[in-house]
Amino acid sequence: MLTRPTLRPAPDTPARLDGRHPGAGPAGRASRQVRPSGRVRAVVAAVAARVAPRGDTYDGWVTEAEVTSRTGKRVILAKPRGYCAGVDRAVQTVEEALKLYGAPIYVRKQIVHNKHVVQTLEAQGAIFVEENEEVPEGATVIFSAHGVAPEVYEQARSRSLRAIDATCPLVTKVHQEAKRFAAEDYDILLIGHEGHEEVIGTSGEAPEHIQLVDGPEDADTITVRDPNKVVWLSQTTLSVDETLETVARLKKRLPMLQSPPSDDICYATSNRQHVVKEIAPECDVMIVVGSTNSSNSVRLVEVALDAGARAGYLVDFAHEIDDAWLAGARTVGLTSGASVPDELVQEVLAHLAARGFTDVDEVVTANERLTFSLPQELKRDMKAAAAARG
Ligand code: SF4
C-alpha cells in the first residue's frame, strides 16, 4: 500500500532550470507557452507586475523561461486535475439527497475515495457504512461512484431500502459490456486491482465468466475455455501504460483476444495521466493530492515517477507535505486525483508559496466539459417535491 512514501530519493543536485531536463523531449519545450488561469493567473500577474519594464502590459501569457528566471522556484500545475464528471455527480447526489430527504442519509462505502469529501459529507449528515445490513430498514442508501454487484441491489430491495445509485455512468458502461459478453458466453479477462470496489462490482455481473488479471505478471498464468472467444475489459482508473503492457502480454498467449468496444479506462484517468507525463520530466518533486485508497491518485504518482519526476508524494492535505521533500527542489509539479476538490490544491499552492514557490505555471493539455445528470430515481423525487411545493 502506498502511504505517502518517498517513492524515489530526492536528488543530490538541483534540477536544470532551462526546461531541458534529460529525457524531457525536444528543446522546443523550453520556450513552450502556457496559459495560467484563475488564482494561478493572479499569482503570475503579480510577479509580472514586479518585473515588467515600464510600459509593458501583462497579457496573461508567459514563457516557462520567464517564470523560472523570476524566482528560481516554481510550481508546474497540471490541468486537467481534480474532480471528474462522475465524482461531481456522486457528491452532488449525496448533497441533493440530504436536502430532499433530510439527514441521515446512508452511503454504502465511501461515495468517492477522498478523505476530505467523506468528512465534509459526514458533517452534513451522511452516514457511511460498509454494507446494506448496517442501514435501518426503510432508510435511504446511496451506492458509491465505484458501482455495485447486482446482489447489492437485491439486498437493498429485501430490506425495503430506498436505493439511489450514484455509480459513475462510465463504470456502468463496463458493467453493460460484461453482461453482454457473458450473455454471448465469452471468457472475460477483467484487468484491475484485486479487492477494489469497482472490480468487485463489475465481477459480480458475471462471476462465472470473469477472471481478474491484476497486472502484467498475471497475464502469464491465465487459462480460458476457448482462446477464440475471449475479451478483455478493465477497471476505469488504471495506468494506461501498464494496462497496454498487460494486454500485450495477454495477446502473446491469446492472439484472438478481443478488445472492449470502447476504452474502459475513462477520459478523466487518461487525461490526468497524460498531463502528468508531460510535466514530470521537469519536476524535482511531484505532489499528487489524493487519498491512498484512490486508485487514480496512486497511479498519478507512479506515472510521474515513470515519466521522469525525481520524487513523488501522495498527500491528502497541504500540512502533510514535509519540508525535507522540497529541500534543493526548484520545480515542483502539482496535480490531484479525480476525487479531489480544487480547494485542497489551492491550499497546497499556498503552502508552497509560503516556502518560496511563488511562481505558478499551469500546463493545460485538455479541457474537460463532460457532465452527467443526477440519478433518475433522485431526479424523479426532486421533481415530485418541487411539484408538491407548487
Ligand atoms: S474517474 Fe472516471 S470512471 Fe471514475 S468516477 Fe471519474 S469519470 Fe467516472
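Two strands count as paired if DSSP finds at least two bridges between them. Helices (H or I, at least four residues) and strands (E, at least two) are DSSP runs, numbered from the N terminus. The model is predicted: local features need pLDDT of at least 70, side-chain atom pairs count only at pLDDT 80 or more, and totals for chains, interfaces and linings use all residues. Residue numbers start from 1 along each chain as its sequence is written.

Select first strand S8 (residues 187-191) and S9, which run parallel and are joined by 4 bridges. Within this pair, Leu-190 stands opposite Leu-212 in S9. Next, display helix H6 (residues 169-183), which packs on the sheet and touches S8, S9 and S10; contact requires C-beta atoms, placed from the backbone, within 7 Å. The direction of H6 makes about 165 degrees with that of S10, where axes are lines fitted to C-alpha atoms, for helices over the stretch in contact, and angles run from 0 to 180 degrees between N-to-C directions.

Now move to strand S3 (residues 74-79), which is parallel to S14 and joined to it by 6 bridges. Leu-77 of this pairing faces Glu-362 in S14. Select S14 (residues 359-364) itself: 5 of its 6 residues are buried, so the strand is largely enclosed by the rest of the structure. Buried means that 20 or more other C-beta atoms, placed from the backbone, lie within 10 Å of a residue's own.

Finally, select the ligand. Of the 15 residues around it, Cys-84, Gly-86, Cys-168, Thr-236 and Cys-266 come nearest, a residue being near if its C-beta atom, placed from the backbone, lies within 6 Å.

How values were computed. Buried ≥ 20, exposed ≤ 12 C-beta atoms within 10 Å, placed from the backbone. Contact = placed C-beta atoms within 7 Å.
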